[in-house]
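Visitor: I am new to this structure and would like to learn how to read it. Could we go through it one feature at a time?

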Amino acid sequence: MTNTENFVHELAEKHGRTRNALMPILQGVVARDKYLSEEAMIAVARELDLSAADVYGTATFYTFLDTVPRGKNVIRVCKTISCHMHNKDEIIKALEEQLRCKVGETTSDKKFTLLTANCLGWCHKGPVMLVNDDVYPELTTQKAIEIVQEYIRKSN
Amino acid sequence: MSKYMVNLKINNIPISVEEGTTILDAAKRLNFHIPTLCNHPDLSVAGNCRVCVVEVKGARLLAASCATPVSEGMEVFTNSEKVRIARKHVVELLLSEHNADCTKCFKNGHCELQELASEYRYGDHIFIDLVPFKQKFLDISSPSITKDTSKCIRCQRCVRTCAELQAVSALAVVHKGSHQTISTFMDKPMNDVVCTNCGQCINRCPTGALYERNYIEDVWNAIYDPNKFVVVQTAPATRVAVGEDLGLEPGHRVTGKMVAALKKMGFNKILDTDFTADLTIMEEGTELLTRLKKALVDKDETVKLPMMTSCSPGWIKFQEHMFPDLLPNLSTCKSPQQMFGSLAKTYYADKINIKAENMVVVSIMPCTAKKFECNRPEMRDSGFKDVDYVLTTRELAMMIKQAGIEFDKLEDQHYDSILGESTGAAVIFGATGGVMEAALRTAYEIVTGSEVPFANLNIKPVRGMEGVKEASIKIKNAKPEWSFLEGVEMNVAVAHGLANAKKLMEAVSSGTANYHFIEIMGCPGGCIGGGGQPIPTSPEIRRKRAEAIYAEDMGMDIRKSHENPEVVEVYKDYLGHPCGHQSHELLHTHYVERKRY
Ligand code: SF4
Ligand code: SF4
Ligand code: SF4
Ligand code: FES
Ligand code: FES
């Protein structure tokens, strides 16, 4: 078994092999790899005796289950109306300049992927962004840049 | 126990129906037609298209009649102002993102969306035209199935078909919202995924989003080519179904008219796959008896039982993907279509003095998987591509119309000889259980010298639409050379539709099943419900086609394959004996393991 197959096997041992184990297993893979590779989805399908198309269908339904490679840190800036009215465009522009990559792209050192997301439920404290699982509300362009710099420092 | 009855009114007319009935079905009983798109009699309820909405008195929202059960005292209106407007908008919204180039569409004239649009006579669209913003994707990778996402209304009938009836799930709903499409794993081409080419999704797709790869022009070109000798074979199930696409009701037997039409169209010889169905029985029956002898007497461990039939190419590909460990259990016999092809370009070509390279073999099949099968690299034992083109029953009907033939006015005609003679045993290949019944009629007689112990040769236990059928026959008075079978209880099983096949294969794999012989047909009902048969399909329509098949059997002079005089002759003249050397060269094949993932 490859490393991925082993990992998926362990997740299946932990969460079981019924259909409702599919989500936690997929989330487990994303937590480790940041995305679902073709190999990982096949491994999941095999463990759960599902068709690969079914696994792919589920994965593509959820924004947070990526099926394309992502950087080590995934930044998601809320793009929905409240945050939009609180200048989310400025935040995005600042981050694009700081990271030197556009929304939807990954930095060349593979450390960051910059994405937008729909409402994150923090409308009262917008604009807001997520870095991996951590929420950063009440952003200013200055704050956003500092947060990213902090991640760069941590990963060096 | 009788079910609880519910009283309601539909368009002010009182009706009483069983608890659990949907509004849609209750309305049907009063002859009120409610349009549907995502609903299908073979599938679970999806309730996603909303075209079937009705007004229920007192309810704030309109109800999807296909997904709403009746309740006591309900008052339903199927054509109120509210309903009409909503229904119009639903269809209009679908059309606003639909690539409606009907004149270029293969489903033109056979499309449920087009039918609705024609009923409502839409003028200028009231919604924004989204078609220019949609990514079009036409997948022609498969020799059987064409998929055009620009025609898809996302009703998911195909997805449910592939999951519920076929247990394959090659298709799934992927992405969401405005990006939602029906696609495959990683959006791979259809030819690269687990699809069995069964075509059941095509049979249930209401639009032109899924249809067969068609070879109509290629076949006309061959017919018009003066240097080509074009031979056509017709599968058993086509003769009880092609009429449906030519204005007749389901269940019409049109064998003679179909032959007459093919003659008028200009084929050089009209021959019958039923002939090679009889030949299949000789080969497969002999193979079964040989396997039984090797397993029971010689204790040869390499011989695998139960033996499984191999005439359904959708089933074969399913097995290659899903149960490769059981490939040794498959009979090595080619399907009747391929036996025909290899014999046509060898034995027959010699007989009629035509060069095989000038011969074009066309098959009329109830099947889309046979289009894939004829392209398998194994299927060239004559030294040429054994079968050149496969047309579905539907494509044949289109060609008959193109040729300007008034089908119902045709006088019956007979198949040409040789390779045109057949028996009742061959025609029942078209219905689930038929191959089993035909094989038993012959094998029992080979072993005992007497007819199978069923009234009129009709082996009723293997007939009918039960998903998995079982039967046992005790062998009595075996001839001396078959004495090891004396008193043996032959256990057989029959399944149709790949979901049922899967159940049976799981039982075989786990060792809980104790069968000698298994018949599997990839499509629900067998070939009569094949992926190339006229659309629509339903349990009722398939039942009528099956009845017609058994009526055809009863009408035949000869009803046992081994008594087909042309079969007897081909062995004497050319093949030697069943499963002999020549047969192995031309009539048998092997299988390849394919990936499920
Ligand atoms: S799918 Fe139906 S409505 Fe759409 S183009 Fe084809 S025939 Fe017309
Ligand atoms: S042809 Fe059969 S196996 Fe292939 S996608 Fe359609 S239903 Fe599924
Ligand atoms: S391909 Fe056909 S059956 Fe499948 S969702 Fe689209 S329209 Fe419906
Ligand atoms: S709109 Fe941004 S969190 Fe709700
Ligand atoms: S037919 Fe009822 S919702 Fe589609």
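Visitor: Which residues come nearest to ligand 3?

Guide: Bear in mind that this is a predicted model. To read a ligand site, list the residues around the ligand and then pick out the nearest. Ligand 3 has 13 residues around it, and those that come nearest are Cys152(B), Cys155(B), Gln156(B), Cys158(B) and Cys205(B).

Visitor: How do the residues of that shell divide by class?

Guide: Nine residues of the shell around ligand 3 are nonpolar, two are polar and two are charged. Cysteine counts as nonpolar here, so Cys152(B), Cys155(B), Cys158(B) and Cys205(B) go into the nonpolar class.

Visitor: Let us turn to chain A. How many helices and strands does chain A have?

Guide: A chain can be read as a list of elements, and then as their order. Chain A has seven helices and four strands. Starting at the N terminus, their order is α-α-α-α-β-α-α-β-β-β-α.

Visitor: What are the spans of chain A along its principal axes?

Guide: The C-alpha trace of chain A spans about 50 × 35 × 25 Å along those axes. Of the 156 residues in chain A, 45% are buried. Contacts can also be sorted by separation along the sequence. Among the contacts in chain A with a separation of 6 or more, 60% are between residues 24 or more positions apart.

Visitor: How many residues does each chain give to the contact between chain A and chain B?

Guide: Chain A gives 17 residues and chain B gives 17 residues. The next thing to read is the area. About 1500 Å² is buried between the two chains, and carbon and sulfur atoms give 59% of that area. On the side of chain A, the residues that lose the most area to chain B are Glu38(A), Ala53(A) and Tyr56(A), which together account for 34% of what that side buries.

Visitor: How many salt bridges does the rule find across this interface?

Guide: The rule finds two salt bridges between chain A and chain B. In a salt bridge, the side chain of Arg596(B) meets that of Asp49(A), at 2.7 Å from N to O. For polar contacts, the count between the chains is ten residue pairs.

Visitor: Which elements of chain A give two or more residues to the side that touches chain B?

Guide: They are helix H3 (38-48) and helix H4 (52-61) of chain A. H4(A) provides the largest share, seven residues. By class, this side of chain A has nine nonpolar, four polar and four charged residues.

Technical notes
Residues numbered from 1 in each chain as written. Chains lettered and ligands numbered in written order. Predicted model: local features only at pLDDT ≥ 70, side-chain atom pairs only at ≥ 80, totals over all residues. Heavy atoms only, no water. Contact = heavy atoms within 4.5 Å. Buried area = accessible area lost by both parts, 1.4 Å probe. Salt bridge = Lys/Arg side-chain N within 4 Å of Asp/Glu carboxyl O. Polar contact = N/O pair within 3.5 Å; in protein donor to acceptor, adjacent residues only side chain to side chain. Near = heavy atom within 4 Å. Buried < 20%, exposed > 50% of the residue type's maximum accessible area, 1.4 Å probe, protein only.
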